[in-house]
Amino acid sequence: MSDLKKYSKMYEEIKNLQPEDTLQLVMEAKDKDEQVFFEMIGNFLLQQKQKQIIERNLF
């Protein structure tokens with residue numbers, strides 16, 4: 001079985017990425033699959049921020 005705590009910690013670190021960080025990861029990806037992976041992370045983080053803004057009635 002995988003070390004689940006390791007992945008949970010990784011998730012917590014990823015949540016703190018800024019948009020410019022994910023853009024840099026996409027631009028420096030080793031291959032197309034890695035690029036798509038980092039794009040998905042960026043999209044996920046953007047969706048989370050949009051959700052927070054909507055919940056606070058800021059939009």
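Which residue forms a salt bridge with Glu34? Keep that in mind while you get set up: what you have open is a predicted model, and this tour stops at its salt bridges and its aromatic pair.

**Stop 1: Glu34**

Select Glu34 and Lys30 and show their side chains. Lys30 is the partner you were looking for, with the closest N and O atoms 4.0 Å apart. Now switch on a surface and look at how each end sits. Lys30 is exposed, at 75% relative accessibility. Glu34 is at 22%, so it counts as partly exposed, because buried would need a value under 20%.

**Stop 2: helix 1**

There are two salt bridges in the structure, so to speak of the other one, select Glu12 and Lys15. Their side chains meet with an N to O distance of 3.2 Å. Show the cartoon as well: both residues lie in helix 1, which covers residues 4–15. Glu12 and Lys15 are three residues apart there, about one turn of the helix. For accessibility, Glu12 comes out at 39%, which makes it partly exposed. Lys15 also has 39% and counts as partly exposed.

**Stop 3: the rings**

Next, go to the one aromatic pair in the structure. Select Phe37 and Phe38, and turn the view until you can see both ring planes: the arrangement is edge-to-face, with 65 degrees between the planes. Centre to centre, the rings of Phe37 and Phe38 are 5.5 Å apart.

Bring the surface back for a last look. Is Phe38 buried or exposed? Phe38 is buried, with a relative accessible area of 16%, while Phe37 is partly exposed at 41%.

Note on methods: Residues are numbered from 1 along each chain as its sequence is written. This is a predicted model: local features need pLDDT of at least 70, side-chain atom pairs count only at pLDDT 80 or more; totals for chains, interfaces and linings use all residues. Side-chain values use heavy atoms; hydrogens and water are left out. Helices (H or I, at least four residues) and strands (E, at least two) are DSSP runs, numbered from the N terminus. Buried means under 20% relative accessible area, exposed over 50%, partly exposed in between (1.4 Å probe, protein chains only). Rings of Phe, Tyr and Trp (its six-membered ring) pair if their centres lie within 6.5 Å; planes under 30 degrees apart count as stacked, over 60 as edge-to-face and the rest as tilted.
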